[in-house]
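Please open the model in your viewer and keep the selection panel at hand. The tour goes from one selection to the next and says at each stop what is there.

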Amino acid sequence: MKRVVVGLSGGVDSSVTAYLCKEMGYEVIGLFMKNWHDDSVTISDECPWLDDSNDAMLVAEKLGIPFQTVDLSAEYKERIVDYMFKEYEEGRTPNPDVLCNREIKFDVFLKIAESLGADYVATGHYCRKTSFEKEGKEIHQLLAGKDQNKDQSYFLCQISQEQLSKIIFPIGELQKSEVRKIATEQNLVTADKKDSQGLCFIGKVRLPEFLQQQLKPKKGDIIEIDADSPIYNNQKSFENSLLEATSKYEYSSADGKKVGTHDGAHFFTKGQRKGLAVGGTKEPLFVIDTDVKENVIYTGQGKNHPGLQRKGLVVKPHETHWLRTDLTLKIGESLEVMARIRYRQPLEKATLYLEKEGLFVIFENEQYAIAEGQFVAWYEGDELLGSGVIS
């Protein structure tokens, strides 16, 4: 009998995952990952890890499977939290959930599962997996979950073939409503539990306070750039060059007018609207860029401000990741794909061009608030082929 270790998070998705693994005839072990000790920045009644581990234990008891808690907080701090601080300090916008899957769930956690004799790990992600043979080699494909509203393939965009070969996704074929129905029928305590909305299983963290623990506040100017500014006159065109189509606008304080002050450019991200505390503008102000060296935030009025729209982006060579390694482009090659630059975004038509400077992703339509440090993921149909860090 094959052994599966399920990452029980105390939520409904992982609870039903464990139940389905049992139904499929696997020998199932439940593991709860503790990743966080510092309660000072969590919003205490919004799912602290204690309640979650308790729910996970009750589910394991109900299903009659062995259960234990593993403390990964040291690895989590080093690989996720420290990385986040560093990225924010450099004025980038990290995605801890993507990293968490690559570094914690499917690396540290997977190794623990293997040490327990596991053949596979199973998670409550809304994804699907298939495999086929090509030139005598088995190739694994990561597909979007059947529930379009819940598809989580984007969060797994950085995992490898090796990791994918060891994972199963029992709820990938189901709708969220069906998952809740199964949990109710099986009397699992998590059946009606709200989905957690925090940083990858730290619970709900107040991000600004979280960042302020490490990143010191420092006063700086908020500059508003007019939508008709001459900066936007020479339209960035793909015809001229890939580099031009993907390069950022460069701003200086002289390009606009000061409309307020802030407590630190590194607390803000592109496209952000909340927290600026500047009134009196006709349309709301959005962050169009941040300069952490000079500690200046550049803003523009309205979501359609030209400073928020861009045709493309570039990923540096060492930050380009192909899950389908057999499809990796060679320099000078291009590929038509569907792509997204954030989790909830519908897929958009794009073309990849590989040059020695990096991988250029040129979209058919302009994209809103492309933020450095975030991940772009590209697909063919339902299948995720690869991803990279936006530079």
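Begin with glycine 64, which in this predicted model lies just after helix H2 and takes a positive phi of about 70°.

From there, step back and select helix H2 itself, residues 49-63. At 1.5 Å a residue its 15 residues should span 21 Å, and the end C-alpha atoms are indeed 21 Å apart, so the expected and modelled spans agree. Now colour the buried residues of H2, namely Asp52, Ser53, Asp55, Ala56, Val59, Ala60 and Leu63. These residues cover an arc of only 160° around the axis, which means that they sit on the same side of H2. An α-helix has 3.6 residues a turn, so residues three or four places apart point the same way. Turn the helix over and select Leu50 and Glu61, which are exposed on the other side of H2.

What do the buried residues of H2 pack against? Show helix H1 (12-23), strand E2 (27-34) and strand E3 (67-71), since these are the elements that the buried residues of H2 pack against.

For the last stops, select the cysteines, bearing in mind that a search of the whole structure finds zero disulfides. The sulfur of cysteine 21 has its closest cysteine sulfur in cysteine 127, 14 Å away, which is too far for a bond because a disulfide needs the two sulfur atoms within 2.5 Å. Cysteine 127 is likewise in no disulfide, and the nearest cysteine sulfur to its own, that of cysteine 157, is 11 Å away. Cysteine 21 counts as buried, at 0% relative accessibility, and cysteine 127 is buried with a relative accessible area of 0%.

Definitions and conventions. Residues are numbered from 1 along each chain as its sequence is written. This is a predicted model: local features need pLDDT of at least 70, side-chain atom pairs count only at pLDDT 80 or more; totals for chains, interfaces and linings use all residues. Side-chain values use heavy atoms; hydrogens and water are left out. Buried means under 20% relative accessible area, exposed over 50%, partly exposed in between (1.4 Å probe, protein chains only). Helices (H or I, at least four residues) and strands (E, at least two) are DSSP runs, numbered from the N terminus. The expected span of a helix is 1.5 Å times one less than its number of residues. The arc is that of the directions from the helix axis to the C-beta atoms. Contact means heavy atoms within 4.5 Å.
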